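The report below describes selected strands and the main pocket of a protein model, and it is meant to be read alongside the sequence and the coordinates.

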Amino acid sequence: MKHIFGGFANSSFKRIDNKWCPYKGGGKSFLFLLSGANPSFHILQKGKESNELQASPSYLFMFGNGDLYISDNCNDNYNSESKFGSSYELPNGISIYSEAANSYLAGKSTFKVEEIEVFKIVLNISQWKLS
């Protein structure tokens, strides 16, 4: 079974000059799971805003403190991983650091990425018709 999961950031982020780049999105980022019987989304835990999202020369991006970590060359290796629950809210009944938490998004704690899709949401409020 393929696992469809990811994260949302409310503005763009990038690595700059091979430096670690923390992202401050005001706590509005979230992780989501679309595959399986119960699609879900998971907001950032209160007080974890400093861990919201990061980029670095050694990986593509990381949501939280390892909640969702995507390595460089993620389609060629199994170095991407999830330690879900360290910064983003877990589903009810799942404990942090458990196998259920770590495998919740991808089906196992370490994984190889088959596909990444990036979308940009553009809102043109002037075209909205308000009644």
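## Hairpins around S6

S5 and S6 form a hairpin in which two residues lie between the two strands. The model is a predicted one, and within it strand S5, residues 53-56, is joined to S6 by three bridges, the two strands running antiparallel. One contact of this kind can be followed at the residue level, since the bridge partner of Leu 53 in S6 is Phe 63.

S6 also forms a hairpin with S7, here with four residues between the strands, and Gly 64 in the turn has a positive phi of about 70°. Four bridges join S6 to S7, and this pair likewise runs antiparallel. Phe 63 takes part here too, its bridge partner in S7 being Leu 68. Phe 63 is thus the bridge partner of Leu 53 and also of Leu 68 in S7.

How many of the five residues of S6 are buried? Four of them are, and S6 is therefore largely enclosed by the rest of the structure.

## The sheet S1-S3-S4

An open sheet of three strands has the order S1-S3-S4, and its pairing is antiparallel. S1 and strand S4 (40-43) stand at the edges with a single partner strand each, so that one side of each is left without a neighbour in the sheet. Neighbouring strands of this sheet are turned against each other by 20° on average when direction is ignored.

Strands of a sheet pair through backbone hydrogen bonds, in either a parallel or an antiparallel manner. Between S3 and S4, which run antiparallel, there are four bridges. Within this part of the model, Leu 31 stands opposite His 42 in S4.

## The largest pocket

The largest pocket has a volume of about 1400 Å³, and 36 residues line it, with Phe 5, Gly 6, Gly 7, Ile 116 and Glu 117 lying nearest its centre. By residue class, the lining divides into 22 nonpolar, seven polar and seven charged residues.

Which strands each supply at least two residues of this lining? They are strand S1 (5-8), strand S3 (30-33), strand S6 (59-63) and strand S7 (68-71). The largest share, four residues, comes from S1, a strand that stands at an edge of the open sheet. S6 and S7, which form a hairpin with each other, both belong to the strands that supply at least two lining residues.

Conventions: Residues are numbered from 1 along each chain as its sequence is written. This is a predicted model: local features need pLDDT of at least 70, side-chain atom pairs count only at pLDDT 80 or more; totals for chains, interfaces and linings use all residues. Side-chain values use heavy atoms; hydrogens and water are left out. On a 1 Å grid over the protein atoms alone, a cavity is a set of points where a 1.4 Å probe fits but cannot get out, and a pocket is an open set with protein on both sides within 12 Å along at least five of seven lines; lining residues have an atom within 4 Å of a point. Grid points are joined across faces, edges and corners, and a volume is the space filled by probe spheres set on the points. Ala, Val, Leu, Ile, Met, Phe, Trp, Tyr, Cys and Pro count as nonpolar, Asp, Glu, Lys and Arg as charged, and the others, Gly among them, as polar. Two strands pair if DSSP finds at least two bridges between them. Axes are lines fitted to C-alpha atoms, for helices over the stretch in contact, and angles run from 0 to 180 degrees between N-to-C directions. Buried means under 20% relative accessible area, exposed over 50%, partly exposed in between (1.4 Å probe, protein chains only).
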